[in-house]
Amino acid sequence: MLTDLKVKVGPQFYRYNVGAIDFVPMLLQEFSAKNVLIVHGQVSFEKAKPFLSFLDEEAYNFSFLQYTGECSYYGSEQIEKAVKTNQIDFIIGVGGGKLADLVGYAAHRVNVNFGVIPTLASNCAPWTPLSVMYKESGESEGKSEHFLRQASFFITDPALVIDAPVNYFVAGLADTIAKWYESEAILQQGHLKNEPFLQLAGYTAALCKEAILNNSAKAIKDMQAGIVSEEFVHLSEIVFAVAGLVGGLGDKYARNAIAHAMHDGMSKYLPNSHDFLHGEKVAYGIFYQLAVEKKWEQIDALLPFYQELGLPMSLKQMQLFPEDEAVIDQIVAFIDSKEKVHLLPIPITKELLKESMNELENYLEKK
C-alpha cells in the first residue's frame with residue numbers, strides 16, 4: 001500500500017474541437033467570474049484572437065498582460081500585481097507551455113481560479129499542476145513548483161493549434177513518448193505494479209507511446225499541409241492532455257526520471273542548449289536514460305523514429321558536449337541529486353551517470 005501517492009488527474013473541464021473556445025463564456029459564468037485577466041504571448045496571441053470571440057462579451061471586464069516569454073518568479077510577481085490592481089477573480093492563459101506553467105503557478109499564489117487556452121501542442125504543461133521554473137535569462141532554476149490547484153478549464157481548437165510551428169509539435173511528440181521510457185521500469189517494480197492508479201498511469205503511457213510511434217509521420221505531414229486530420233487531432237490531444245494524465249495518475253512514480261533530469265541539467269549548465277526546445281532536449285535525455293539502463297536494443301529500435309522526425313540523439317550532434325570536464329561533473333551531480341532518478345530499480349551513482357554520457361556518444365558515433 002502506498003502512503004505517499006497524490007492523484008491530481010487534470011483540469012476540471014476539458015474540450016478540444018473546432019469551435020470549442022466559444023464555450024468559454026459558459027465556464028466563466030460557472031465560476032462566477034467578473035474581472036478576468038488574460039495573460040498572453042505575442043505572436044501566438046495574434047493568431048488566437050480570431051478564436052477569442054468571448055472577449056467581446058460585455059458581461060466581463062477584461063485586463064491584458066503580455067508575459068516575458070519565461071515561466072519565472074518575476075513573471076509570477078507581475079501577474080500577482082495585475083490581479084491585485086484590477087481585482088481579478090479569474091485568469092486565462094493563452095499561449096504555449098511556459099505560459100501555462102506561469103499562469104498555473106501565479107493563480108496558486110494568489111488563490112484565483114484559472115483556465116488555459118493552449119495555442120500549440122508541445123508538452124503537457126496546460127494539463128499538469130506543476131510549473132518548471134526558469135530565470136528571465138532562460139536558464140533553468142533547476143526545480144519545479146508543485147501545487148494542488150488545477151485548471152478550471154482547458155479548452156482549445158485544433159484549427160488554432162495546427163497553425164503553430166511544426167517543430168514545436170515534433171518536440172512535443174518526443175516529450176510525450178518519454179513518459180513511457182521514463183516510467184516503465186519504475187512501474188514494473190514488485191511493490192508498485194499492482195497499485196491501481198499506477199497501473200492506469202502505465203496503460204496511459206503505453207497508449208501515448210504506441211500512438212506516437214504509429215501515427216507521427218502522418219500527423220506531421222497533415223500539420224505541414226494545414227489539414228485538421230484525425231491523426232493530427234489525436235496526437236496533439238495526446239501531447240497536451242493524455243500525456244498529462246500519466247503523471248496525474250502516477251504522481252512521482254510516472255511523471256519523469258533521468259530524461260527530464262538531463263533536460264534540466266542541460267538547461268542549467270549548458271547555456272547554448274537554450275537554442276533547443278524542451279522536447280528536443282528530452283529526446284536526447286531518453287537516449288541518455290536508456291544508456292544508463294544499458295538498454296542499447298531500445299536505442300536501436302528508436303533510431304529510425306528519431307531519424308524520421310529529425311530529433312537530436314547526442315550532445316555532440318547538438319554541438320553541446322562540454323569540453324570542460326568540470327561541467328560534465330556539475331550536470332552529473334545535479335542529476336544524481338534528484339529523487340525521481342533514484343526511483344529506477346538500478347543503483348544510480350555519479351560514476352554510472354558520467355560513464356553513460358560518454359558511452360552514449362561513442363555508441364551513436366558508430367551508427
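Trainee: Before we start, what does contact mean here?
Mentor: Contact means that heavy atoms lie within 4.5 Å. Keep in mind that this is a predicted model.

Trainee: Okay, so which residues does H278 touch, skipping those up to four places away in sequence?
Mentor: Leaving out those sequence neighbours, H278 touches Y134, D175, H260 and H263.

Trainee: And which side chain does the side chain of H278 make a polar contact with?
Mentor: That would be the side chain of D175, at 3.1 Å.

Trainee: Where does H278 sit?
Mentor: Look at helix α10, which covers residues 278-292. H278 has its place there.

Trainee: Is H278 buried or exposed?
Mentor: Neither label fits: H278 is partly exposed, with a relative accessible area of 22%. The cut-off for buried is under 20% and for exposed over 50%, so 22% lands in between.

Trainee: Now H260. Which helix is that one in?
Mentor: H260 is found in helix α9, residues 258-269.

Trainee: Buried or exposed, that H260?
Mentor: Buried, with a relative accessible area of 9%.

Trainee: What does H260 touch, again without residues up to four places away?
Mentor: On that count, H260 touches D175, A178, E182, H278, V282 and K340. There's also a polar contact of 2.6 Å between the side chains of H260 and E182.

Trainee: D175 and those two histidines keep popping up. What does UniProt list for "binding site"?
Mentor: The UniProt record, an unreviewed entry, lists D175, H260 and H278 under that heading. They span 104 residues in sequence, yet no two of their C-alpha atoms are more than 9.2 Å apart, so they gather at one spot.

Trainee: Switching topic to the whole chain. How many helices and strands are there?
Mentor: The chain has 13 helices and eight strands. Its radius of gyration is 20 Å, close to the 21 Å that the globule rule gives for 367 residues, so the chain is as compact as a globular protein of that length.

Trainee: What box do the C-alpha atoms fill?
Mentor: Roughly 65 × 45 × 40 Å, taken along the principal axes.

Trainee: And how much of the chain counts as buried?
Mentor: Of the 367 residues, 59% count as buried. As for the outside, the accessible surface of the chain comes to about 15,300 Å², and 49% of that belongs to carbon and sulfur atoms.

Trainee: Last one: among contacts between residues at least 6 apart in sequence, what share joins residues at least 24 apart?
Mentor: For this chain, 79% of those contacts do.

Terms used: Residues are numbered from 1 along each chain as its sequence is written. This is a predicted model: local features need pLDDT of at least 70, side-chain atom pairs count only at pLDDT 80 or more; totals for chains, interfaces and linings use all residues. Side-chain values use heavy atoms; hydrogens and water are left out. UniProt positions are given in the numbering used here, feature names are shortened, and annotations may be inferred rather than shown by experiment. Helices (H or I, at least four residues) and strands (E, at least two) are DSSP runs, numbered from the N terminus. Buried means under 20% relative accessible area, exposed over 50%, partly exposed in between (1.4 Å probe, protein chains only). A polar contact is a pair of N or O atoms within 3.5 Å; within protein, one must be able to donate a hydrogen and the other to accept it, and residues adjacent in sequence count only if both atoms are side-chain atoms. The radius of gyration is taken over C-alpha atoms; the globule rule is 2.2 Å times the number of residues to the power 0.38. Accessible areas come from the Shrake-Rupley method with a 1.4 Å probe; for residues, only the protein chains shown count as cover.
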